[in-house]
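Please open the model in your viewer and keep the sequence panel beside it. The tour below moves from the whole chain to single elements, with something to select at each stop.

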Amino acid sequence: MYKKFSKPSSDLSKESDDWLLKDDEILFRTNEDIKNLSYLANRETCLLCGSTLEGTESFMHRSVDYICCRNCNHIQSVQILASEAEFDQIYPPLNKKDWEKRRDRIYLPKLEWIEESLKISMPKLSLKDLGWLDLGSGGGYFLGALKSKEYKDIKGIEENSHLISRSNEFFQEEIVFGLDKSEFYLNHSETNIVTNWFVLEHLNDPWIILNNLKNKPKGTLFAFSVPVFGFGTILEQVSEEYAARSLDGLVHRQIFTQQSIDYMLNKMNYKKVSDWTFGQDSLDLKRLILKKINKRSFSEGMLLEDIQNKIGSIVDPIQEVLDRADFSDAKHILSIKD
Ligand SMILES: [Zn+2]
């Protein structure tokens with residue numbers, strides 16, 4: 001299996017710096033929203049493997065109770081949410097230039113990693129002939145990356161109607177469809193690579209998607225990324241003074257572990273082709289430190305600048321250590337139906 005570690009933090013530092021400026025506001029809003037959530041009931045069975053959760057000890061993370069399934073190690077909130085957060089409120093529209101920058105910094109590297117992985121593991125495969133389906137295409141960034149490299153057979157599925165119309169308008173053709181078309185395109189014989197970036201953790205029943213993938217023919221490719229319980233999650237546990245990004249209790253009510261990813265792939269009968277481990281844990285650490293010192297005595301001047309520069313210069317080396325130790329907060333995996 002092809003293994004890759006880390007990614008320069010400069011690709012994500014803009015998001016992290018913007019977040020730092022709004023951290024107080026995000027923290028306040030998240031805490032308020034969590035107080036107002038309504039719940040259906042306590043979870044009786046694991047949402048990933050279906051095992052009974054009775055008797056499993058829970059732990060509290062930022063005022064929300066979680067449970068780690070004893071069978072598959074998937075971490076999930078004890079209570080089932082009555083409704084999900086609205087995504088178009090979380091991701092406001094960007095202008096064309098910023099949209100392209102985000103596509104190139106965050107989504108193009110995902111495509112290049114798939115290309116790189118398949119070139120090594122399946123050198124005879126013609127990528128341009130594949131039929132791509134991006135599940136949960138959001139703002140259309142990954143589809144945009146595919147288009148920028150002249151892939152032709154591409155489609156997206158998105159739940160949010162504003163994001164669907166925004167994407168189709170942007171691409172000037174109808175390539176993004178609503179959830180009602182999800183099963184049709186998933187099961188379509190011409191769909192042979194499915195991508196899914198940070199979506200599974202939002203689904204209360206991931207098997208709605210995964211069962212369709214399970215029934216696809218041998219050789220079908222599935223590339224996805226999920227958040228993983230890692231250093232960043234533990235840091236959120238240690239200090240509640242900054243906004244949580246990993247397990248925030250609002251949009252992230254579940255989180256994968258190495259074991260629960262393996263369980264899922266095994267159940268679907270998919271094998272790992274490639275694995276890219278890179279997290280944002282050290283950017284969170286930087287955000288926590290800068291937020292705390294900004295509020296104390298070092299509000300300006302050379303000392304603050306010096307601290308900012310020094311912390312900035314160790315973000316990548318720290319993250320690389322965490323990535324290589326399999327202790328970072330996210331995984332990108334490319335798998336193939338056996
Ligand atoms: Zn389980």
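A residue is called buried here if 20 or more other C-beta atoms lie within 10 Å of its own, exposed if 12 or fewer do, and partly exposed in between, with the C-beta atoms placed from the backbone. By that count, 37% of the 338 residues of the protein chain are buried. The model is a predicted one, in which local features need pLDDT of at least 70 and side-chain atom pairs count only at pLDDT 80 or more, while totals for chains, interfaces and linings use all residues. Residues are numbered from 1 along each chain as its sequence is written.

**The whole chain**

Begin with the full chain in cartoon view, where the secondary structure comes to 11 helices and 14 strands; helices (H or I, at least four residues) and strands (E, at least two) are DSSP runs, numbered from the N terminus. The radius of gyration of the protein chain is 20 Å, close to the 20 Å that the globule rule gives for 338 residues, so the chain is as compact as a globular protein of that length. That radius is taken over C-alpha atoms, and the globule rule is 2.2 Å times the number of residues to the power 0.38. Along its principal axes the C-alpha trace spans about 60 × 50 × 40 Å. Two residues are in contact if their C-beta atoms, placed from the backbone, lie within 7 Å, and among contacts between residues at least 6 apart in sequence, 75% join residues at least 24 apart.

**Strand β10 and its partners**

Select β10 (193–197) next, a strand in which 5 of the 5 residues are buried. Ile193, Thr195 and Trp197 lie on one side and Val194 and Asn196 on the other, and both faces are covered. In a regular strand the side chains alternate between the two faces of the sheet. Two strands pair if DSSP finds at least two bridges between them. Now add β7, which runs parallel to β10 and is joined to it by 3 bridges, with aspartate 134 standing opposite threonine 195. Then add β11, also parallel to β10 but joined to it by 5 bridges, where phenylalanine 222 stands opposite valine 194. Between these last two strands, show helix α7 (residues 207–214): β10, α7 and β11 make a right-handed β-α-β unit. Right-handed is said of a crossover if, with the strands pointing away from the viewer, the path from the first strand over the helix to the second runs clockwise.

**Helices α3 and α4**

Which helix bends at tyrosine 107? Select α3, which bends there by about 40°, with proline 109 following within four residues; the bend is the angle between axes fitted to the seven residues ending at a residue and the seven starting there. This helix has 26 residues and reaches 35 Å from its first C-alpha to its last, close to the 38 Å expected at 1.5 Å a residue, the expected span being 1.5 Å times one less than the number of residues. Its buried residues, which include Arg103, Tyr107 and Leu111, pack against β1, α4, β10, β11, β13 and β14.

Move on to α4 (residues 141–148), where 6 of the 8 residues are buried, so the helix is largely enclosed by the rest of the structure. The buried ones are Tyr141, Phe142, Leu143, Gly144, Ala145 and Leu146, and what covers them includes α3, β7, β8, α5 and β10. After α4 comes glutamate 150, whose phi is positive, near 65°.

**Strands β1, β13 and β14**

Show β1 (residues 2–5) together with β13 (residues 270–277), which pair in the parallel sense over 4 bridges; lysine 4 has tryptophan 276 as its bridge partner in β13. On adding β14 (residues 330–337), you will find it antiparallel to β13 and joined to it by 7 bridges, and here the bridge partner of tryptophan 276 is histidine 332.

**Glutamine 280**

Is glutamine 280 buried or exposed? Select it in the loop between β13 and α10 (281–295): glutamine 280 is buried, with 27 other C-beta atoms within 10 Å. Leaving aside neighbours within four places in sequence, glutamine 280 is in contact with Leu12, Ser16, Gly232 and Asp329.

**The open sheet**

Finish with the open sheet of 4 strands, in the order β3-β4-β5-β12 and with antiparallel pairing. Its edge strands are β3 (58–61) and β12 (254–255), each of which pairs on one side only. Between β4 (residues 64–68) and β5 (residues 75–77) there are 3 bridges, and tyrosine 66 has serine 77 as its bridge partner in β5.
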